[in-house]
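Me: Hi, I've got a structure open and would like to talk it through with you. Could you have a look?

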Amino acid sequence: MRQTFAVWALAFAASCAPVQPVDTITRAATTSALPPMQGFADTSPVRVTRSNAEMAQDFLDLTFRLESGRTISTMTRFEGPLTVRVLGSAAPTLATDLDVLLSRLRQEADLDIRPTQSSDASITIQAIPQRTLQRAVPKAACFVVPRVRDWDEYMASRSSGRVDWSTLTQREHAAIFVPADAAPQEIRDCLHEELAQVLGPLNDLYRLPDSVFNDDNIHAVLTGFDMLMLRVTYAPELRSGMTRAQVASALPAILARLNPRGGSGGTASFPDTSRDWIRAMETALTEGSSPATRRAAAARAVRIGQTLGWTGPREGFAYYAMGRLEVGNDSRAALAAFEAADRIYRASQATQIHSAHIAVQKAAFALSAGDAMTTIELADLAIPLAREHQNAALLATLMMFKAEALELQGGSVAAEALRLDSLPWARYGFGSDDNVRARLAEVRGLRPF
């Protein structure tokens, strides 16, 4: 289940969530016709860089647990060729993005997966209005369900054990429900995460730096690690019904064959992410509690990570959430939290895209202080990362920040050109023209006059 976290909708957010219109509209923002939408090429944005021993542990923890923490006794997967159909009033970009994704799955994960119009498809992707979808599962941006073929069948079965993943012995049919009326990037991100989970691992791990199988929602599209996990899932040495011990015994040879650069042998052991930390982060990131309660929850997550000696994505994400929640409450605390997250993320090559998300937050502070040079430096470092990781919303927002900084320096012509260049990405990342114009106005509203 790809989750929506209310904290991402705060000011300066570079997420897929729609931006609410604001009163101040710039000249560029009131252009009647925006440029055509811009998409991404059919390429893998992130290569596998970690050791096979480390990824073997990841595979076991992803495969034999659910997101709730419940264990799964045996591995399940689809057996035989796979087919995918689409139902509902889907956005025009869904078909294009799905074709790109299926092509990548065939090439990078070595899966026999094809589109179909048959009602007996292995996997059904159905576009549902956001309000309808979130009435059924309030915290979900999109989700996947086993043993059903469409929304009506899901609604009739959702209170039964039929849709319980832990009761499967083999996967035969499943349905993915995505928002019909969200921004194109949000729909694409849902396709990537939910199709990967219906095919392979059902769990998410906050410790992963290079995967969509992480509830931090930092990665937008499937990475090399994710494709490797799917190739392992469908390796001929494995089959539905195998236990964790049986899979663990087979993994070293499978990974050595599929990823020879990852080395062979060795061991890896990672401490579990405590349920206390997860509960603290869920409280911090979702609506339903007071702002003070949510800030306290983020601080508690930071303390838990420090006590347990964590470094990397979990600790960085806790500081990131803390910073987001302090924006508008305590600017110094917010900036200090962002700086802490940035130091953690920049310590590893695997979390550079995470630092690009922090750059948006730091750029907001720099621009509002009238520091054009720092704003430009932050944008210049982060823009290539956003493009490489195919995050159009992040890319467009960074370009908008740089444009405002150029305007501060007196470069009106260059600023206007960069704003225009940002618009095709913004249309893909934010959806409607109103949302694009609102983001332009929001960024410009941070510039001192």
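Me: Which residues line the largest cavity?
Reply: Happy to help, and one thing first: this is a predicted model. The lining of the largest cavity is made up of Phe59, Thr63, Ile72, Thr74, Met75, Thr76, Trp165, Arg171, Gly200, Pro201, Leu202 and Thr233.

Me: How does that lining split by class?
Reply: There are 6 nonpolar, 5 polar and 1 charged residues in the lining of the largest cavity.

Me: And how much space lies in the largest cavity?
Reply: About 80 Å³. The whole structure has 2 cavities of 30 Å³ or more.

Me: OK, pockets now. How much space is in the second largest pocket?
Reply: That one holds about 870 Å³. It has 34 lining residues, and those closest to its centre are Leu66, Glu67, Ser68, Gly69 and Leu202. You'll recognise Leu202, which also lines the largest cavity.

Me: Which helices and strands supply at least two residues of that pocket's lining?
Reply: Strand β5 (140-146) does, and helices α5 (184-199) and α8 (275-285) do too.

Me: What about the classes in the second largest pocket?
Reply: Its lining divides into 14 charged, 13 nonpolar and 7 polar residues.

Me: Switching to helix packing. At what angle do α2 and α6 pack?
Reply: Helix α2 (residues 92-108) meets helix α6 (residues 224-233) at about 60°, and their axes are 10 Å apart. That angle makes α2 oblique to α6.

Me: Is that crossing left-handed or right-handed?
Reply: The crossing of α2 and α6 is right-handed.

Me: How about α15 and α16: what angle do they cross at?
Reply: Roughly 130°, with the axes of α15 (residues 412-430) and α16 (residues 433-444) coming within 9 Å.

Me: Why does that count as oblique?
Reply: Angles over 145 degrees count as roughly antiparallel and 65 to 115 as roughly perpendicular. The angle for α15 and α16 is roughly 130°, so these two helices are oblique to each other. Their crossing is right-handed.

Me: Now backbone angles. What is phi of aspartate 110 near?
Reply: Near 60°, which is a positive value in a residue other than glycine. Most residues other than glycine have a negative phi. Aspartate 110 sits in the loop between α2 and β3 (113-115).

Me: Is aspartate 110 buried or exposed?
Reply: Aspartate 110 is exposed, because its relative accessibility is 59% and the cut-off for exposed is over 50%.

Me: And asparagine 217, what's its phi near?
Reply: Asparagine 217 also has a positive phi, near 60°. You'll find this asparagine in the loop between α5 and α6.

Me: Why is asparagine 217 called buried?
Reply: Because asparagine 217 has a relative accessible area of 16%, and buried means under 20%.

Me: A couple of leucines to finish. Where does leucine 251 lie?
Reply: In helix α7 (residues 244-258). With a relative accessibility of 1%, leucine 251 counts as buried. Leucine 251 and alanine 53 are 198 residues apart along the chain, yet their C-alpha atoms are separated by 9.0 Å.

Me: Which helix holds leucine 394?
Reply: Helix α14 (residues 392-408). Leucine 394 is buried, at 0% relative accessible area.

Me: How far is leucine 394 from alanine 382 in space?
Reply: They are 9.0 Å apart, C-alpha to C-alpha, and 12 residues apart in sequence.

Conventions:
Residues are numbered from 1 along each chain as its sequence is written. This is a predicted model: local features need pLDDT of at least 70, side-chain atom pairs count only at pLDDT 80 or more; totals for chains, interfaces and linings use all residues. Side-chain values use heavy atoms; hydrogens and water are left out. On a 1 Å grid over the protein atoms alone, a cavity is a set of points where a 1.4 Å probe fits but cannot get out, and a pocket is an open set with protein on both sides within 12 Å along at least five of seven lines; lining residues have an atom within 4 Å of a point. Grid points are joined across faces, edges and corners, and a volume is the space filled by probe spheres set on the points. Helices (H or I, at least four residues) and strands (E, at least two) are DSSP runs, numbered from the N terminus. Ala, Val, Leu, Ile, Met, Phe, Trp, Tyr, Cys and Pro count as nonpolar, Asp, Glu, Lys and Arg as charged, and the others, Gly among them, as polar. Buried means under 20% relative accessible area, exposed over 50%, partly exposed in between (1.4 Å probe, protein chains only). Axes are lines fitted to C-alpha atoms, for helices over the stretch in contact, and angles run from 0 to 180 degrees between N-to-C directions. Angles under 35 degrees count as roughly parallel, over 145 as roughly antiparallel, 65 to 115 as roughly perpendicular and the rest as oblique. A crossing is left-handed if the near helix is turned anticlockwise from the far one by less than a right angle, and right-handed if clockwise.
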